[in-house]
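Here is a friendly walk through a two-chain model, written for someone who likes to know the cut-offs behind each term. Have the structure open beside the text as you read.

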Amino acid sequence: VTVTVEGIRVDAGWDADEAVTELYTAHYRGLVRLAALLLRDSWAAEEVVQDAFVATHSAWGRLRDEEKALAYLRRTVVNRSRSALRRRSVAERHARGDDGFLPSAETGALTRLDADAVLVALRGLPPRQREALVLRYWADLPEAEVAEAMKVSKGSVKTHTSRGLAALRTSLETIR
Amino acid sequence: MNDELESRLRDALRVGAERTPIAGDGLQKIRSRTAGRRRHARWRPTLAAGALTALVVAGVAAAVERDHGDRGTDLVLPAAPVTTAPTATATASPTASTGPTGCPSMDPSLLPGCHVTATGVPKDTGGEYISITSPQSGGVVHHTFTVSGRARVFESQFTVDVSQNGMVIKTAHVTASAGAPELGTWSTTFTLPDGNYRIDAYELSPKGDGSKVASDTVWIQAGSPPGPPQATAATSSANAR
């Protein structure tokens, strides 16, 4: 049986290898970017996402569905980004300022400067607030899916989001 | 006012996302890792809940690794100055909830002086659960070795840290063969230079406060060939090889 979800062929008969290949094609880059925004470390981001795909490969027997698999991947990426943030190597890279990000060439200098200021402020937020903001404002997920990815209640998502925005505002005003 | 901030945030996140370099070899890396996992697929137990306890008590391990075995033997790390614990074998039940008795405060900085004695695997009370069944605490392992155990954790995912002198030096994100409420099996492989290490398998609380909802810890030595638990002999023969 083959159905189409968001333009992707979902075949109940996929084995784990086929599923991982299809999921990779459709979602790998987006998930790496998600992890990079959570981690502010693009080196670690790919590792985290690859870990999540390996986990999904193992879990495919239970998932058997692209939407479930994507939710699982996202939750795993968020969860593992949290773990990765605790790792010393990440902290050290941050201390060196080497986060592996490419210099931005595609945007104007003003946008870039403002983006840098916002991203620096975002980095200073507590992890939960940063997760809520990235999932909501970059991944454009509805509240319920943010809650699922973060493994918290919808009420907590509201709290983290509003506190995150307030802290961001304060931080940006301080910079000015 | 919030609208403006939200708009700035969206722009900044888009810029940040676009800056992320992405290597082109992700799929190959994933495939190389999943290829190694295929043989584990057949472990996945689909057990009726009622059968779980009996199986655990019987010590039936679905995860059969090369040197799999339940912990429960008194061992002394080679570098440990023998102080209190006997080196004689004392078999503990695999379900016993005894903690490490010879490693006061379980402080990794005590290694290599830490004296490790019988460490039973944590007691499975049916909730979130992680145990390390191999290697045994105090065991001597090859540089590349497999850590395996059982787990009943959310979405079958948890973390295994290797630390030395209080510093985490390696972290593996592990997926058990089944997620809660099923009891799954798991294994992960590390390659470590000579030395004494602490291995922590744990699931963090979803509360995000850093607390652990399930964990198990073993201390091992890497580098010397696995041999009988006579530590001194193992150390001296290591140099000969």
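## Salt bridges, chain by chain

In this predicted model, R152(B) makes a salt bridge with D124(B), with 2.9 Å between the closest N and O atoms. A salt bridge here is a side-chain nitrogen of Lys or Arg within 4 Å of a carboxyl oxygen of Asp or Glu. R152(B) sits in strand β3 (residues 144-152) of chain B and D124(B) in the loop between α3 (49-57) and β1 (129-134) of chain B, so the pair ties together parts that are 28 residues apart in sequence. Helices (H or I, at least four residues) and strands (E, at least two) are DSSP runs, numbered from the N terminus.

Are the two partners buried or exposed? R152(B) counts as buried at 5% relative accessibility, while D124(B) is partly exposed at 22%. The cut-offs are under 20% relative accessible area for buried, over 50% for exposed and partly exposed in between (1.4 Å probe, protein chains only).

Over all chains, the structure holds 12 salt bridges. The table gives some of them.

| Pair | Closest N to O distance |
|---|---|
| R152(B) and D124(B) | 2.9 Å |
| R198(B) and D200(B) | 2.7 Å |
| E18(B) and R14(B) | 3.6 Å |
| D140(A) and R10(B) | 2.8 Å |

R198(B) and D200(B) are both buried. E18(B) and R14(B), by contrast, are partly exposed, with relative accessible areas of 34% and 35%. These two share helix α1 of chain B and lie four residues apart, about one turn of the helix. An α-helix has 3.6 residues a turn, so residues three or four places apart point the same way.

A word on conventions: residues are numbered from 1 along each chain as its sequence is written, chains are lettered from A and ligands numbered from 1 in the order in which they are written. Local features need pLDDT of at least 70 and side-chain atom pairs count only at pLDDT 80 or more, whereas totals for chains, interfaces and linings use all residues; side-chain values use heavy atoms, with hydrogens and water left out.

## The two chains

Chain A has eight helices and two strands, in the order β-β-α-α-α-α-α-α-α-α from the N terminus. Of its 176 residues, 51% count as buried. Chain B has four helices and eight strands, and along the sequence they follow the pattern α-α-α-β-β-β-β-β-β-β-β-α. Of the 241 residues of chain B, 48% are buried.

In chain A, helix α6 (residues 127-137) is mostly covered, with nine of its 11 residues buried. Among these are R128(A), R130(A) and E131(A), along with L133(A) and Y137(A). A84(A), in helix α3 (residues 66-86) of chain A, is buried at 0% relative accessibility. Its C-alpha is 7.4 Å from that of A44(A), although 40 residues separate the two in sequence.

## Where the chains meet

How many residues does each chain bring to the contact? Chain B gives 46 and chain A gives 58, with contact meaning heavy atoms within 4.5 Å. The area buried between them is about 5,100 Å², and carbon and sulfur atoms give 57% of that. Buried area is the accessible area (1.4 Å probe) that two parts lose on being put together, summed over both.

Four salt bridges link chain B and chain A; one of them is the pair of D140(A) and R10(B). On the side of chain B that touches chain A, the elements giving two or more residues are α1 (2-19), α2 (26-37), β4 (157-164) and β5 (167-175). The biggest contribution, 15 residues, comes from α1(B).

H57(A), in helix α2 (residues 42-63) of chain A, is buried at 9% relative accessible area. Beyond its neighbours within four places in sequence, H57(A) contacts A16(A), D17(A) and V20(A), as well as T34(B).

## The nonpolar cores

A nonpolar core is a set of buried Ala, Val, Leu, Ile, Met, Phe, Trp, Tyr and Cys residues joined through side-chain atoms within 4.5 Å. Which members of the largest core touch the most others? Of its 61 residues, they are F53(A), L122(A), L168(A) and L9(B). Helix α1 (residues 16-39) of chain A supplies the largest share of this core, 14 residues.

Residues up to four places away in sequence aside, L9(B) touches V118(A), L122(A), L133(A), Y137(A), L165(A) and L168(A). Another core lies apart from the largest one and has 23 residues, including V141(B), V153(B), F190(B) and Y197(B).
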